Amino acid sequence: MRIDIFTLFPEMFPPLLGSSIVGRARRRGFLQICCHQLRDFSPDRRGRVDDTVFGGGKGMLLMAEPFARGLDALSEHLGALPHVVYLSPRGRVLTQRRAKELAALPGLCLLCGHYEGVDQRLLDEYQAEEISIGDYVLTGGELPAMILADAVSRMLPGVLSAESCFEEESHFSGLLEYPQYTRPEVWRGRPAPPVLLSGDHKRVFDWKRQESLNITRQNRPDLFVKYVEAEQEN
C-alpha cells in the first residue's frame, strides 16, 4: 500500500512513521509513505499557500490550488488518483472498521489542513472523504494523519505477525479489550487472575469475553448498546 501525505510540516512524520511496527512494514516493503511539502505546489514563487477568508472571520485559509496541483501531479505520476482523505474535526470519527476498509485500498492520499482549514471547493472537486480522530480540535491535520496512517498500516497483510494480533484488540469486534497480565504472578501484593494461569482454554476464553463485556459496559456504554443490538440482529 502507498500513502501520500500533503502537509506544511513533512518533517513531523519520519520520527513516528519510520519507527516501530510501521517503520518495519516500510522497510519490508509492505508499505510506502511519501510526504509532500505543500508549498512546493504553490503557484506563488514565495510559496504562499493561504489567504484571508471570504465573508470575514479570524485566521487564514489554505487555498485550493496548491493542493490541487499536488493531487494532479500525483495522479499523473501514479496513473490514477488514490482515495483522498481530508483530516477534519467535522468529519466522521475514525473507527476500527473504517481503518480496515481503508487498508483494503491500493493507496490513500491524506490532506493536512492548518489555520482555518482549506477551501471547500478543493474537497468538492476531489470528492475528499473527511475523517476526524475525535471530538476536539488540533492545530493542524498532521497528528490525525499520523494516527490514520498508523491505524491503517497495522491492518495490512504481513505487517503484524498474525491476524490474531489485532482481532482481539479493542474495537475490532465491537468491544473494548480485556485486561492483560504478565510475570510476576504476584506484583506488589496483587495477583494475576488465577483463571489465566489455569491452562483451561475455554475458561480463559470465557473470562476474556466477560471482562470485555464488563469494561465496554462501564467505559463505553454507547459501544455496548451497539454490540448488543448487533448480536440480537445476528
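## A tour from Leu123 to the central sheet

Start by selecting Leu123, which is buried because its relative accessible area is 4%, under the 20% cut-off. Keep in mind as you go that this is a predicted model.

**Stop 1: around Leu123.** Colour helix α5, residues 120–125, and you will find Leu123 within it. Which residues does Leu123 touch, leaving aside those up to four places away in sequence? Show Tyr86, Arg90, Val118, Ala128 and Glu130 to see these contacts. For a sense of scale, add Arg183: it is 60 residues from Leu123 along the chain, and the C-alpha atoms of the two are separated by 51 Å.

**Stop 2: the sheet.** Now hide the side chains and switch to a cartoon view. Five strands make up an open sheet with parallel pairing, and you can trace them in the order β2-β1-β6-β5-β7. At the edges sit β2 (32–37) and β7 (129–132), each of which pairs on one side only. Look along the sheet to see how its neighbouring strands are turned: the average is 30 degrees against each other, with direction ignored.

**Stop 3: strand β6.** Next, select residues 107–112, which form β6. How many of the six residues of β6 are buried? Six of the six are, and the strand is described as mostly covered. Bring the side chains back and check both faces: Gly107, Cys109 and Leu111 are buried on one side, while Leu108, Leu110 and Cys112 are buried on the other.

**Stop 4: the partners of β6.** Add β1, residues 2–7, which pairs with β6 in the parallel sense over five bridges. Zoom in on Arg2 to find Gly107 of β6 standing opposite. Then add β5, residues 83–93; this strand also pairs with β6 in the parallel sense, over five bridges. Here, pick His83 and look for its bridge partner in β6, Leu108. To follow the connection, trace the chain from β5 through helix α4 (residues 96–103) to β6: this β-α-β crossover is right-handed.

**Stop 5: helices against the strands.** Finally, select helix α6, residues 142–153. This helix lies across β1, β5 and β6, and runs at about 165 degrees to β6. To finish, return to the whole sheet, with its order β2-β1-β6-β5-β7. Select helix α3, residues 64–78, which packs on the sheet and touches β1, β5 and β6. The direction of α3 makes about 160 degrees with that of β1.

Conventions:
Residues numbered from 1 in each chain as written. Predicted model: local features only at pLDDT ≥ 70, side-chain atom pairs only at ≥ 80, totals over all residues. Heavy atoms only, no water. Buried < 20%, exposed > 50% of the residue type's maximum accessible area, 1.4 Å probe, protein only. Helix = DSSP H or I, 4+ residues; strand = E, 2+ residues; numbered from the N terminus. Pairing = 2+ DSSP bridges. Right-handed = clockwise from strand over helix to strand, strands pointing away. Axes fitted to C-alpha atoms, helices over the stretch in contact; angles between N-to-C directions. Contact = heavy atoms within 4.5 Å.
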